[in-house]
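Thanks for sharing this one with me. Here are my notes, written as a colleague would jot them down while turning the model on screen.

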Amino acid sequence: MDLEGAGGAAAPGKRQRESWRATLLLAYQSLGVVYGDVATSPLYVYKSAFAGNDIQHSAGNEEIYGVLSFVFWTLTLITLFKYVLIVLRADDGGEGGTFALYSLICRHVRAGLLPGGGTRDELMEEEKATGRRGERPVPRVRAVLEKYKVLQRLLLLFALLGTCMVIGDGVLTPAVSVFSAVSGLELSTEKEHHKYIELPVACAILICLFALQHYGTHKVGFLFAPIVCIWLLCISAIGVYNIVRWNHHVYRALSPYYMYQFLKKTQTGGWMSLGGILLCVTGSEAMYADLGHFSQSSIKIAFISVVYPALVLAYMGQAAYISQHHNFESSYQIGFYVSVPETLRWPVLVIAILAAVVGSQAIITGTFSIIKQCSSLSCFPGVKIVHTSSTVHGQIYIPEINWILMILCLAVTVGFRDTKHLANAQGLAVITVMLVTTCLMSLVIVLCWNKSIFLALGFLLFFGTIEVLYFSASLVKFHEGAWVPITLSFVFMIVMSVWHYGTIKKYEFDVQNKVSVNWLLNLGPSLGIVRVRGIGLIHTELMSGIPAIFSHFVTNLPAFHQVLVFLCVKSVPVPHVQPEERFLVGRIGPKEYRLYRVIVRYGYRDVQKDDLEFEKELVSSIAEFIRSSGEYDKNGFVEDTEKPSERMSPISSGIPLCEEDVELDASVSPQKEVNSHITAPKGKKARFVIPKSAQVDSEVRRELQELMDAREAGMSFILGHSYMKAKSGSSFIKRIVIFFYEFLRKNSRGPSYAASIPHASTLEVGMVYQV
């Protein structure tokens, strides 16, 4: 067999130039996806800060200077220092977001509660095999977290709370951004008419925004990036004009002294205004959640060089204008548009509406990312994941979530009809997510980065104190709109908790009712049943033992295929699994049984391949296992059920499998013809391409020949179809939870591998799970 040589490596200088070019291109795209939200905050920050707080503006401008000082330092400390310079470094294999932080912690601590990766027992096995635990002393925080199960549950609930608030933010941010932009019509239409125009226009724009999502982040980013660039240029230019025109001494307000003066003078009113001021950092969490769509360096470059300076100039310009105009006849006169020169208001209004649409894109994209993570780790019902880019794995679109967000967004827009209540709702969602991120980040500093606990406590106390102050100011506005994110989060939390509970119970039932390998061995090589041509692929959640569904099947129908493969597809709490680590293959029983176990691992960002390509890789991996195990194991071995990880072999690359269609010969037996018709395309010829240098004995060659014959005959897929019921005597709450889980399972999508399996080759075996 001819081996192809590797191509010549590109010159280091050329690779570096291409890398910088790609980074700058991603930085440009990130303007249209990541920074639209934080870039449109000047539309409503000042208006929300002064709305309903009865703050009187004095001639000395202590009030407006104090608000500007709070805005500047909040933007600098929270968005720049906390997120851009610190939190973005805590990526989980390039992915960001609240759940990515939780996943990162679980991979370094035996605190995982999720079946299929990162669980306590699996991490113990991994550490035992690698000796990783003995490399350094165990931090006290880690020991406490591993010891108490209740702390592990609280950690998961805390991560789910942050996730739910991100989803709530995905509902509220589009409504606030678009409604604030459309509110500029107040200055351009008669007072009695604008309230009839604003709502329909805002709803129409929101519908168009969500309808665009199926085009994907790549196309949306290229479409929206120029709009954000123009918007940032526009607000920074208007800011410079207002500073020069109205008050060039406004830079003095950047001193923290004015924050103290503001709170001292306004007291309760100033404290309540913090709920509006914190809106200047909306989009910071979305920026972190969108990390998987871009890269750390591209996001940092875009923010530090473009976004941050433009926002500071915009806020200073607005403050400069307001400082010279104290007579506010109505609420809109303290908003953004009043500081825009009158001749530019209509063009700026159009750009602002477009920028608000872009601002909503960041949190919508982030919501898709975080839902994908939760779904992959069994914390959210199955949804359809559409990958919109062939090069960037993180760029996805989820139709069901997109339309749910649109309906909820339209509902809150029509329900509130003003920026004040929408901003109060958004503020509580934003600051809650930030608090969750701060707490999880302090654990990452100790457990994942192995830094001093005092450094983690310093991070927690410094940023936590700031965020608790803002959180308290937002919470007092519960009756003025802040109840919305709490209600939405409560609903999503129930859905996610019920789904997680049901998944855990189903997995525990499978583990408790699995059949021992000894039961299989006692049946003899024929398994006490008729073995027919072909490969039987049995899907199971178990990584050891025989699933109860198999014994249930053969008890009622004593016939099965000549080659049996127990396939376990696992989503593990890492973004991507390397191809050479994806397949783990082992043998069950002696060689003559022709029973294999294959564990296929996917990260929560990996794209699962279509059925035909997957089948070929699966068979190739089994063939490579047969060849390699033949060199070391002449007598066969029996799987040790207590230590399955020691018996599974990682397959870096399978033996190449060549398949071609051939004309059926007249001598083909009726049985073979029937089997081929049912389970595979007619006349498929398969052969393994083994290197000439490989030493293959007759026994291994015979086993490979049987696998090849079985592949030609076709592959059948046996799927379990379970029905969960609460045991008799269970509490009323448990019955309700199990009923709700079954309702969610029936109305959500099944595993992605099940969706691509040909229906003609599928056999479902039903079982009732009493949990």
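The points below go from the whole chain to the cores, a cavity and then some single residues.

1. A word on the source before anything else: this is a predicted model. Please read every value below as computed from that predicted model.

2. Let me begin with the chain as a whole. The protein chain has 771 residues, and buried residues make up 56% of them. Its secondary structure comprises 26 helices and 11 strands. About 32900 Å² of the protein chain is exposed, with 60% of that area supplied by carbon and sulfur atoms.

3. The contacts reach far along the sequence. Among contacts in the protein chain with a separation of 6 or more, 83% join residues that are 24 or more positions apart. Several of the residues discussed further down give you concrete pairs to look at.

4. How many residues are in the largest nonpolar core? There are 161, and Tyr35, Tyr46, Phe99 and Trp231 have the most contacts inside this core. Another core lies apart from it, with 30 residues that include Val517, Ala726, Val765 and Val771.

5. On to empty space. Rolling a probe the size of a water molecule over the atoms shows where such space is left. In the whole structure, the search returns seven cavities of 30 Å³ or more. I would like to draw your attention to the second largest cavity, which holds about 70 Å³ of space.

6. Which residues lie nearest the centre of the second largest cavity? They are Asp169, Gly283, Glu285, Ala286 and Val430, out of 13 lining residues. By class, this lining is made up of eight nonpolar, three polar and two charged residues. At least two lining residues come from each of helix H8 (149–182), helix H13 (284–289) and helix H17 (419–447). Helix H17 gives the largest share, with four residues.

7. Thr437 is a good residue to visit next, as it also lies in helix H17. Is Thr437 buried or exposed? Its relative accessibility is 0%, so Thr437 counts as buried. Beyond its neighbours within four places in sequence, Thr437 is in contact with Lys82, Tyr83, Val87, Thr98, Leu101 and Glu285. Glu285 is one of the residues nearest the centre of the second largest cavity. Between the C-alpha atoms of Thr437 and Leu460, 23 residues apart in sequence, the distance is 10.0 Å.

8. Val228 sits in helix H10 (residues 217–246). With a relative accessibility of 1%, Val228 counts as buried because the cut-off for that class is under 20%. Setting aside residues up to four places away in sequence, Val228 touches Leu31, Gly32, Gly36 and Val358. For Gly36, the separation from Val228 is 192 residues in sequence and 6.4 Å in space, C-alpha to C-alpha.

9. Val554 belongs to helix H21 (residues 548–556). Val554 also counts as buried, at 10% relative accessibility. Outside its neighbours within four places in sequence, the contacts of Val554 are Trp519, Ile529 and Phe560. Ile529 is 25 residues from Val554 along the chain, and their C-alpha atoms are separated by 7.5 Å.

10. Gln261 is placed in helix H11. Its relative accessible area is 21%, so Gln261 is partly exposed. Tyr65 is 196 residues from Gln261 in sequence, yet the C-alpha to C-alpha distance is 9.3 Å.

11. Two backbone angles deserve a look. Gln267 is not a glycine, yet it has a positive phi of about 55°. Gln267 is located in the loop between helix H11 (257–266) and helix H12 (268–277). Because its relative accessibility is 56%, Gln267 counts as exposed.

12. The other angle belongs to Arg594, also not a glycine, with a positive phi of about 55°. Where is Arg594 found? It is in the loop between strand E5 (583–587) and strand E6 (595–603). Arg594 is buried, with a relative accessible area of 10%, whereas Gln267 is exposed.

Definitions and conventions. Residues are numbered from 1 along each chain as its sequence is written. This is a predicted model: local features need pLDDT of at least 70, side-chain atom pairs count only at pLDDT 80 or more; totals for chains, interfaces and linings use all residues. Side-chain values use heavy atoms; hydrogens and water are left out. On a 1 Å grid over the protein atoms alone, a cavity is a set of points where a 1.4 Å probe fits but cannot get out, and a pocket is an open set with protein on both sides within 12 Å along at least five of seven lines; lining residues have an atom within 4 Å of a point. Grid points are joined across faces, edges and corners, and a volume is the space filled by probe spheres set on the points. Ala, Val, Leu, Ile, Met, Phe, Trp, Tyr, Cys and Pro count as nonpolar, Asp, Glu, Lys and Arg as charged, and the others, Gly among them, as polar. A nonpolar core is a set of buried Ala, Val, Leu, Ile, Met, Phe, Trp, Tyr and Cys residues joined through side-chain atoms within 4.5 Å. Buried means under 20% relative accessible area, exposed over 50%, partly exposed in between (1.4 Å probe, protein chains only). Contact means heavy atoms within 4.5 Å. Accessible areas come from the Shrake-Rupley method with a 1.4 Å probe; for residues, only the protein chains shown count as cover.
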